[in-house]
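Colleague: I have the sequence open and would like to walk through the model with you. Could you take my questions one by one?

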Amino acid sequence: MRGKQAPKRQIIPDPKYQNTLVAKFINVIMRGGKKSTAQRVVYGAFDMIKEKTKKDPVMVFDMAIKNVAPLVEVRSRRIGGGNYQIPYPVAGDRKNALAFRWIINATRSMKGRPMSEKLAEELVNASQKQGEAMKKKLDVH
């Protein structure tokens, strides 16, 4: 690796729940710099989660991320004349990044409903160890 590693930026907690993980999730959902639209989607999904489950939406969100985050992933390694897939443990930041990506991809693959509804459903399913994002995790494992 050349040069120094770029310093990690401090993420400001989101305005409604004062949670940095939620703020990071909003940033990942955001497209084209439209942060207010991303916030509307996430907060709408959290309101629906609160209605459906009667639980704190941030707790459901944390549980979903914890359930979807992978423990190991495979990487290609050249040994002798062949390439082998070798399992490696996943670091903390990458765990969250992969969990966010899988949940968002599963949500965007559903069609015909508003994004906040689909996101709420996927988060509730992931917190109960079900849904597309959990399938992706099991495939990786």
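Colleague: Where is Q18 placed, and is Q18 buried or exposed?

Modeller: This is a predicted model, where local features need pLDDT of at least 70 and side-chain atom pairs count only at pLDDT 80 or more, while totals for chains, interfaces and linings use all residues. Residues are numbered from 1 along each chain as its sequence is written, and side-chain values use heavy atoms, leaving out hydrogens and water. Q18 sits in the segment before helix 1 (20–29), helices being DSSP runs of H or I of at least four residues, numbered from the N terminus. Because its relative accessibility is 57% (buried is under 20%, exposed over 50%, partly exposed in between, with a 1.4 Å probe and protein chains only), Q18 counts as exposed.

Colleague: And what is the phi of K129 near?

Modeller: Most residues other than glycine have a negative phi. K129 lies in the loop between helix 5 (115–127) and helix 6 (132–140). Its phi is positive although K129 is not glycine, with a value near 60 degrees.

Colleague: Which helix gives the most to the largest nonpolar core?

Modeller: A nonpolar core is a set of buried Ala, Val, Leu, Ile, Met, Phe, Trp, Tyr and Cys residues joined through side-chain atoms within 4.5 Å. This one has 32 residues, and F25, V42 and L119 touch the most other members. Helix 1, helix 2 (35–53), helix 3 (57–68), helix 4 (92–109), helix 5 and helix 6 each give two or more residues. The most, seven residues, come from helix 2.

Colleague: Which residues does N125 contact, leaving aside neighbours within four places in sequence?

Modeller: N125 is in helix 5 and, at 19% relative accessibility, counts as buried. Taking contact as heavy atoms within 4.5 Å, its partners are Q130 and G131.

Colleague: What is the volume of the largest pocket?

Modeller: On a 1 Å grid over the protein atoms alone, a pocket is an open set of points where a 1.4 Å probe fits, with protein on both sides within 12 Å along at least five of seven lines; lining residues have an atom within 4 Å of a point. Here 13 residues line the pocket, with I11, K24, D93, N96 and F100 nearest its centre, and helix 4 supplies the largest share, five residues. With points joined across faces, edges and corners, volume is the space filled by probe spheres set on them, and for this pocket that is about 360 Å³.
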